[in-house]
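Visitor: I am new to reading protein structures. Could you take me on a close look at a single part of this one?

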Amino acid sequence: MKIRAAVTNEIDSPYVIEELTLNEIRDDEILVKMVASGICHSDEVARKGGYPVYPVVLGHEGSGIVEKVGAAVRGFEPGDHVVLSYHYCGHCSNCLSGVPASCEDWMTVNLRGTREDGSLYFQREDGSPIYNFVSQSSFSTHTIVTERNLTKVDKSVDLRLVGPLGCGFLTGSGTVLNGLKPGPGSTIAIFGTGAVGLAAMMAAKISGCSQIIGVDIHDSRLDTAKQLGATHTINSKDSDVLAEIKKLTNNKGVNFSIDTTGVPAVARTSIDILAVGGVAAPIASSRGGVEINFNADLNMLNRSIKGVLMGNSIPQLSIPQLIQFFEAGQFSFDQLVKFYKFDEINEASADSASGKTIKPVLIIDEDYAPAK
Ligand SMILES: NC(=O)c1ccc[n+]([C@@H]2O[C@H](COP(=O)([O-])OP(=O)(O)OC[C@H]3O[C@@H](n4cnc5c(N)ncnc54)[C@H](O)[C@@H]3O)[C@@H](O)[C@H]2O)c1
Ligand SMILES: [Zn+2]
Ligand SMILES: [Zn+2]
């Protein structure tokens, strides 16, 4: 079928909306008509060269409506409202143990750009290949996924809002709820109060953290952090973060920290500020690392550093839970979202990079209207 998608032709090239052919679904696949898609910082990382194959249709925070299902699909039917998230194999030992974010094939099934047998989802009229991203490619009017990519949501849910529950908001909240698991009364510092950091902050409040310290370089973001649960905020442009956090925590440091900035020096601070026994989660996509002295930084203080992918979440369990938190007024992610038209994708992406918009969402189906 003919579809319209935003293609990234080569490293650092702008998005170009093109007509492409979307190939037929197979028995175990599902065709989704996209309603909207968030733009995640990781799309920008991929657009700027962090992906092995181009041209590619990026986007991995899609929401839409099932249009067609393959003969072997049992859990979904046309008309179902869905949020798209990452793929997992379903049969490795980690998937079978209930930890699909640790799927042994995660990198391959999500970042290969094709089906397992190398066949394509998208192509140009001349047959030349266009690759897929995170098993989703949601910057498209339609896409092909499997049951494992999908979470069904109630038809009363506004599909324009919920795409980012498949990545950015899932990652931030899950890093707290499933990764660090702070107990009530614990202290946490969150470096970078963008989409991921603010979701982490709301989850820290839900978890009963007593001190939730937000650090950023934009006052406007820190104001939002305050509204969403930060007990303290620090603009690191004009203060000594280590000294400030020490002051706030009786010189102890924090029990937990998360770095969402990807700036090596900030990630380093997020480790240095840990209390004895503390745990840091440096979850940003960063090309640079930091030097760690295992004994002085970790062992002798019984501290650890934890890698967390996609908030260690099971999308089918976490996304409905986040919607419940949202409906209860505890996870107000809608305040972070700004809508753009699909063909404003380059502007939306630039607004995310400049810090103007926290979570841009492209409205791909302008005819969709949320249930009253
Ligand atoms: N681990 C995962 O599974 C996973 C999943 C999704 C996203 N990510 C990554 O998480 C990171 C955050 O994503 P996001 O969408 O929230 O990005 P974002 O750009 O919205 O947020 C980053 C924030 O960091 C702040 N910042 C930048 N430099 C800073 C500095 N020196 N000091 C303090 N604050 C600073 C920015 O002002 C911004 O508010 C990205 O690197 C993204 O690729 C990881
Ligand atoms: Zn697996
Ligand atoms: Zn993402």
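Guide: Gladly; here is a walk along a sheet, its helices and one residue in a loop. This is a predicted model, where local features need pLDDT of at least 70, side-chain atom pairs count only at pLDDT 80 or more, and totals for chains, interfaces and linings use all residues. Residues are numbered from 1 along each chain as its sequence is written, chains are lettered from A and ligands numbered from 1 in the order in which they are written, and side-chain values use heavy atoms, leaving out hydrogens and water.

Let's start with the open sheet, whose six strands follow the order 13-12-11-14-15-16 with parallel pairing. Strands (E, at least two residues) and helices (H or I, at least four) are DSSP runs numbered from the N terminus, and two strands pair if DSSP finds at least two bridges between them. Strand 13 (232-235) and strand 16 (304-305) are at the edges with a single partner strand each, so one side of each has no neighbour in the sheet. Strand 13 is joined to strand 12 (residues 211-216) by four bridges, and Thr233 in strand 13 stands opposite Gly214.

Helix 7 (residues 219-228) packs on the sheet, touching strand 12 and strand 13; contact means heavy atoms within 4.5 Å. Helix 8 (residues 241-248) packs on the sheet too, and the strands it touches include strand 11 (187-191) and strand 14 (254-259).

Now look at the loop between strand 14 and helix 9 (264-272), where Thr260 sits. Thr260 counts as buried because its relative accessibility is 18%, and buried means under 20% relative accessible area (1.4 Å probe, protein chains only). Among the residues in contact with Thr260 are Phe191, Gly192 and Ile283.

How values were computed
Axes are lines fitted to C-alpha atoms, for helices over the stretch in contact, and angles run from 0 to 180 degrees between N-to-C directions. Buried means under 20% relative accessible area, exposed over 50%, partly exposed in between (1.4 Å probe, protein chains only). Lists of a residue's contacts leave out its neighbours within four places in sequence.
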